Amino acid sequence: MSEIVTVDIGGTHARFAIAKVAKDGTITLGEPETLHTEDHASFQTAWQDFRQRMGGTLPDAVAMAIAGPVGGEVIRFTNNPWLIRPKLIPEKLGCPRYTVVNDFEAVAHAVARAPEDQFMYVAGPDEPLTSDGTISVLGPGTGLGVAHLWRSGDEYRVQATEGGHIEFAPLDNIEDTILARLRKRHRRVSVERVVSGPGIVDIYQALAALEKRAVADMDDVSIWTAGMKGEDSLAAAAVDRFCLSLGSVAGDIALAQGGFGGVVIAGGLGYRLRDLLPQSGFAERFRAKGRFDSLMGTIPVKLITHPQPGLFGAAAAFVRQHGCPKL
């Protein structure tokens, strides 16, 4: 076995783990450590924190999954203030071999390598994802990550995208109200403004306005908690509405990418919704594409249940780029 550090950096959390890689490329993740991005001034200080937790030494190879575009000399995060300069990774981290990928590019690598028992049925036909064709991958978290995977037998390719920034398209008067509320603050409203963890606040407030109810200001965590537990009927309605909008967006992404071989929902929030999505209006909204209703009904929609697909997928991307790191 050889080892690499694998990192998954989002807007709110940075997750670190040590991955063991066997000679045949099999990857085994160690116990992950989750750090809050707001608790660290930079990625380097977070790295130093993790190194301390690991006893002061780390492997000299690193795989990084990053929430945002990864091209260019400076990586700026969409939802946190850190900066990363990839060319300085060998000097700053002591890792001459490194891989940097978009976070949902990493998740797509995980989808490509995960066994069938790590996928849960959500909608469509209850059958495996295609082994020959395109699979769309998306997931809500602090933002909305989108990628796609093409495979043919044992071969596969992954493409990162910024599909979370396509425009939000309302389908009924409730979503018209949500859009109108968001337009007061944003000239252009992307799907990420609605179908992401923080988006639940605007959904909740829009529903309150429709019912002419005065509600206390609540942050997204409070609304999600109250809605998932059924402690607040309006919060529960907001969660249901979120599932509808997620279904619409997932269907749009599949149409745009040609993801007719399957759609995979990922992300921490997606996983939290795993029991609710199959019982919600997600499937109906996913199929509601006018002349393409019948086609959409043939697409299997799954949720990946791997506990850390970003970390696992980043390590998989490293192995695909470099082969197994040397002992």
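How many of the 327 residues of the protein chain count as buried? The share is 51%, and this is a predicted model, so keep that in mind throughout.

## The overall build

Let's start with the whole chain. The protein chain has 11 helices and 14 strands. Its radius of gyration is 20 Å, close to the 20 Å that the globule rule gives for 327 residues, so the chain is as compact as a globular protein of that length. Put a box around the C-alpha atoms along the principal axes and you get roughly 60 × 45 × 35 Å.

Now for how the chain connects up with itself. Take the contacts between residues at least 6 apart in sequence: 66% of them join residues at least 24 apart. On the outside, the protein chain exposes about 15,000 Å², with carbon and sulfur atoms supplying 48% of that area. As for charges, there are 33 positive and 38 negative ones, and the mean positions of the two sets sit 5 Å apart.

## Salt bridges

The count comes to 14 salt bridges. One of them pairs E3 with K20, where the closest N and O atoms are 2.7 Å apart. E3 belongs to strand β1 (residues 2-9) and K20 to strand β2 (residues 13-21), so this pair ties together parts that are 17 residues apart in sequence. Both ends see some solvent-accessible area: E3 is partly exposed at a relative accessible area of 33%, and K20 is partly exposed too, at 37%.

Another of the bridges joins R53 and E33, with 2.9 Å between the closest N and O atoms. Here a helix meets a strand: R53 is in helix α1 (residues 43-53) and E33 in strand β4 (residues 33-36), so the pair ties together parts that are 20 residues apart in sequence. R53 is partly exposed, with a relative accessible area of 41%, while E33 counts as partly exposed at 23%.

## A local pair and a network

Then there's R213, which forms a salt bridge with E211, the closest N and O atoms being 3.1 Å apart. R213 is partly exposed at 38% relative accessible area, and E211 is partly exposed at 48%. Elsewhere, D172, E175, R241 and R285 are joined into one network by salt bridges that share partners.

## Helix α6 and its cover

Which residues of helix α6 (residues 220-229) are buried? They are I223, W224, A226 and G227. The general rule for an α-helix is 3.6 residues a turn, so residues three or four places apart point the same way. That's handy to have in mind when you look at where those buried positions fall.

What covers the buried residues of α6 includes three other helices: α5 (199-210), α7 (233-257) and α8 (268-272). Right after α6 comes G230, whose phi is positive, near 75°.

## T130 and W150

T130 is found in the loop between β9 (119-123) and β10 (132-140). Is it buried or exposed? T130 counts as buried, at 19% relative accessibility, because the cut-off for buried is under 20%. Setting aside residues up to four places away in sequence, T130 touches I135, R151 and G261.

R151 has W150 as a neighbour in the chain, and W150 has its place in strand β11 (residues 144-152). W150 counts as partly exposed at 38% relative accessibility. Its C-alpha is 4.4 Å from that of T134, though the two residues are 16 apart in sequence. Beyond its neighbours within four places in sequence, W150 is in contact with G133, T134, E155, Y156 and R157.

## Around L171

L171 lies in the loop between β12 (155-160) and α4 (173-183). Which residues does L171 touch, not counting those up to four places away in sequence? They are S248 and R285, and R285 is also one of the residues in the salt-bridge network described above.

The chain comes back on itself here: L171 and S245 are 74 residues apart along the chain, yet 8.8 Å separates their C-alpha atoms.

Terms used
Residues are numbered from 1 along each chain as its sequence is written. This is a predicted model: local features need pLDDT of at least 70, side-chain atom pairs count only at pLDDT 80 or more; totals for chains, interfaces and linings use all residues. Side-chain values use heavy atoms; hydrogens and water are left out. A salt bridge is a side-chain nitrogen of Lys or Arg within 4 Å of a carboxyl oxygen of Asp or Glu. Helices (H or I, at least four residues) and strands (E, at least two) are DSSP runs, numbered from the N terminus. Buried means under 20% relative accessible area, exposed over 50%, partly exposed in between (1.4 Å probe, protein chains only). Contact means heavy atoms within 4.5 Å. The radius of gyration is taken over C-alpha atoms; the globule rule is 2.2 Å times the number of residues to the power 0.38. Accessible areas come from the Shrake-Rupley method with a 1.4 Å probe; for residues, only the protein chains shown count as cover. Lys and Arg count as positive and Asp and Glu as negative; His and the chain ends are not counted. The place of a charge is taken as NZ of Lys, CZ of Arg, CG of Asp or CD of Glu.
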